Amino acid sequence: MKDIEAMRAALAVAQEALRTDDVPVGAVILNQNNVIISQGCNKREDLDDPTAHAEIVAIRAAAQSLGTWRLDGCTLVVTLEPCAMCAGAIAQSRISTLVFGAWDEKGGAVGSVWDVIRDPRALNKLEVRGGVLEEECSAMLKEFIQGVRKKD
C-alpha cells in the first residue's frame with residue numbers, strides 16, 4: 001500500500017471522530033507487508049481520556065494485534081502531524097516509518113514546533129514523510145474548526 005492509499009484510509013478513519021464531536025484525526029498502522037493491522041481516530045471526547053489521540057489508539061491496537069509492544073517494521077500513517085505525546089509514543093513503540101498529512105503549526109512535534117522524532121539524541125531513528133495529501137487533511141480539520149466556531 002502506497003502512502004497516498006494509506007492516507008486515504010486514515011482520512012476515512014478520521015471521519016469516525018466526527019460522530020463524537022472530536023477533532024477528525026485518523027491513523028492506520030501497516031505491517032511489514034503494507035497491510036493495515038490497526039486503526040484509530042481521536043476518542044478523547046468519547047472516552048473522556050486526554051491521551052486518546054488517534055496515534056495512541058492505533059498504536060495500542062497494533063500492539064494487541066501483534067502481541068508485542070515493539071512495532072519494528074511498521075508504518076504509522078496519520079492525517080495530522082503528531083503532538084509531543086504522540087511523537088514520544090511513536091518513538092517508544094519502535095515504529096519504523098511515520099507518514100503524516102497536515103502540518104500542525106501550533107503543536108506539531110515532528111518539525112513544526114519541535115522535532116521529537118528526529119532529535120539527534122533520540123534513541124529510535126525512523127523515517128518520516130510529511131505533507132502526504134496535505135490539502136485534503138487540512139481541509140477536513142479546517143471544516144471541523146469552522147463548525148465549532150459557528151456553534152460558539
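Here is a chat between a biologist and a modeller about how features of this predicted model get their labels.

Biologist: What are the ground rules for this model?

Modeller: It's a predicted model, where local features need pLDDT of at least 70 and side-chain atom pairs count only at pLDDT 80 or more, while totals for chains, interfaces and linings use all residues. Residues are numbered from 1 along each chain as its sequence is written, and side-chain values use heavy atoms, with hydrogens and water left out.

Biologist: Why are D3 and R129 called a salt bridge?

Modeller: The rule asks for a side-chain nitrogen of Lys or Arg within 4 Å of a carboxyl oxygen of Asp or Glu. The N to O distance for D3 and R129 is 2.7 Å, so the pair passes that test. This pair links distant parts of the chain, 126 residues apart: D3 sits in helix α1 (residues 3-17) and R129 in strand β5 (residues 127-129). Helices (H or I, at least four residues) and strands (E, at least two) are DSSP runs, numbered from the N terminus.

Biologist: What makes D3 and R129 partly exposed?

Modeller: Buried means under 20% relative accessible area, exposed means over 50%, and partly exposed is what lies in between, with a 1.4 Å probe and protein chains only. D3 comes out at 21% and R129 at 28%, so both fall in the middle class.

Biologist: How do you know that D115 and R118 form a salt bridge?

Modeller: Their closest N and O atoms are 3.0 Å apart, so the pair meets the cut-off. D115 has 26% relative accessibility and R118 has 39%, so each counts as partly exposed. Elsewhere, salt bridges that share partners join D3, E127 and R129 into one network.

Biologist: And what about D72 and R70, what makes them a salt bridge?

Modeller: Their N to O distance is 3.3 Å, so that one passes too. Both ends are partly exposed, D72 at 38% and R70 at 37%.

Biologist: How many salt bridges does the rule give?

Modeller: The count comes to seven. In general, side chains of opposite charge can pair when their charged atoms come close.

Biologist: Then why does E55 have no salt bridge?

Modeller: Lys and Arg count as positive and Asp and Glu as negative, with His and the chain ends not counted. For E55, the nearest side chain of opposite charge is R44, 8.9 Å away, so the pair misses the salt-bridge cut-off. E55 is buried as well, and lies in helix α3 (residues 54-66).

Biologist: Which residues does E55 touch, leaving out those up to four places away in sequence?

Modeller: A27, L76, V78, L80, P82 and C86. Contact here means heavy atoms within 4.5 Å.

Biologist: Why is T75 called buried?

Modeller: T75 has 10% relative accessibility, so the buried label follows from the cut-off. T75 is in strand β3 (residues 75-80). Beyond neighbours within four places in sequence, T75 is in contact with V28, I29, L30, I95, T97 and V99.

Biologist: And what makes R19 exposed?

Modeller: R19 reaches 70%, so it falls in the exposed class. R19 is in the loop between α1 and β1. The C-alpha atoms of R19 and D46 are 9.1 Å apart, with their positions 27 residues apart along the chain.

Biologist: Which class does R8 get?

Modeller: At 43%, R8 is partly exposed. R8 belongs to helix α1 and touches L133 and E136, not counting residues up to four places away in sequence.

Biologist: What makes the largest pocket a pocket?

Modeller: On a 1 Å grid over the protein atoms alone, a pocket is an open set of points with protein on both sides within 12 Å along at least five of seven lines, whereas a cavity is a set where a 1.4 Å probe fits but cannot get out. Lining residues have an atom within 4 Å of a point. There are 25 of them in the largest pocket, with V23, L80, D104, L141 and I145 nearest its centre. Helix α5 (residues 134-151) gives the largest share of the lining, nine residues.
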